[in-house]
Amino acid sequence: MSDIKEFFDGYAQFVDSVTSQNGRDDTLFEQRANDMSVWLGGNFARMDNAVAGLNGESGEIADLWKKLKFHNKELSEENKQKLIDELSDVCWYATQAAIALNVNLEEVIRHNVKKLKARHPHGFSPEYMKLKKD
């Protein structure tokens with residue numbers, strides 16, 4: 001039993017050693033949050049809510065999709081509507097993030113099109129994906 005305790009204690013020490021100071025120290029985190037709020041023109045709370053919401057709603061879509069694929073959940077109009085409902089929530093939070101960044105959603109979508117056209121000028125390319133580093 002002590003080997004297991006030592007293992008987990010060692011792992012906890014490792015995790016602590018690779019955690020940023022802002023992630024360990026409330027005072028430093030608060031200062032960083034204040035700096036970010038200034039950078040966002042006072043929209044830290046809106047952006048923080050948007051990021052948390054995007055993760056939550058995306059997770060709901062992923063969980064339902066998993067159940068449809070692997071748990072044989074019914075392929076029904078009701079479940080399709082649930083996916084649409086969650087996707088609409090993603091759009092709401094994405095718009096919140098755009099507001100926090102002082103851009104409109106049209107600008108975000110146009111940026112996405114420009115970025116993807118530069119990345120895939122002739123459509124999707126498996127060759128490009130093999131070269132991509134991330």
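Which residues are linked with Asp63 in a network of salt bridges? They are Lys66 and Lys67. Keep in mind that this is a predicted model. Two topics follow: how helices H3 and H4 pack, and where some of the salt bridges sit, with the count coming to 6 salt bridges.

**How H3 and H4 pack**

- Helix H3 covers residues 44-70 and helix H4 covers residues 77-100, and the two pack with their axes 8 Å apart.
- The angle between H3 and H4 is about 160°, and since anything over 145 degrees goes down as roughly antiparallel, that is how this pair is therefore classed.
- As for handedness, H3 goes past H4 in a left-handed crossing.
- Sorted by class, the residues in the contact of H3 with H4 are 16 nonpolar, 5 polar and 6 charged.

**Ala62 and Glu86**

- Ala62 is part of helix H3.
- With a relative accessible area of 46%, Ala62 comes out as partly exposed.
- Ala62 and Glu86 sit 24 residues apart in sequence, and their C-alpha atoms are 9.9 Å apart in space.

**Salt bridge in H3: Lys66 and Asp63**

- The side chains of Lys66 and Asp63 pair up in a salt bridge, at 2.9 Å from N to O.
- Lys66 and Asp63 are 3 residues apart in helix H3, so about one helical turn separates them.
- Lys66 has 32% relative accessibility, which makes it partly exposed.
- Asp63 is partly exposed too, its relative accessible area being 30%.
- Asp63 and Lys66 also belong to the network of salt bridges that takes in Lys67.

**Salt bridge in H4: Lys82 and Glu78**

- Lys82 makes a salt bridge with Glu78, and here the closest N and O atoms are 3.9 Å apart; the cut-off is within 4 Å.
- With their positions 4 residues apart in helix H4, Lys82 and Glu78 are about one helical turn apart.
- Lys82 is partly exposed at a relative accessible area of 35%, whereas Glu78 is exposed at 55%.

**Salt bridge in H5: Arg110 and Glu106**

- Arg110 and Glu106 form a salt bridge in which the closest N and O atoms are 2.8 Å apart.
- Helix H5 runs over residues 105-119, and Arg110 and Glu106 lie 4 residues apart in it, so the separation is about one helical turn.
- Arg110 is exposed, with 57% relative accessibility.
- Glu106, at 46% relative accessibility, is partly exposed.

Definitions and conventions:
Residues are numbered from 1 along each chain as its sequence is written. This is a predicted model: local features need pLDDT of at least 70, side-chain atom pairs count only at pLDDT 80 or more; totals for chains, interfaces and linings use all residues. Side-chain values use heavy atoms; hydrogens and water are left out. Axes are lines fitted to C-alpha atoms, for helices over the stretch in contact, and angles run from 0 to 180 degrees between N-to-C directions. Angles under 35 degrees count as roughly parallel, over 145 as roughly antiparallel, 65 to 115 as roughly perpendicular and the rest as oblique. A crossing is left-handed if the near helix is turned anticlockwise from the far one by less than a right angle, and right-handed if clockwise. Ala, Val, Leu, Ile, Met, Phe, Trp, Tyr, Cys and Pro count as nonpolar, Asp, Glu, Lys and Arg as charged, and the others, Gly among them, as polar. Buried means under 20% relative accessible area, exposed over 50%, partly exposed in between (1.4 Å probe, protein chains only).
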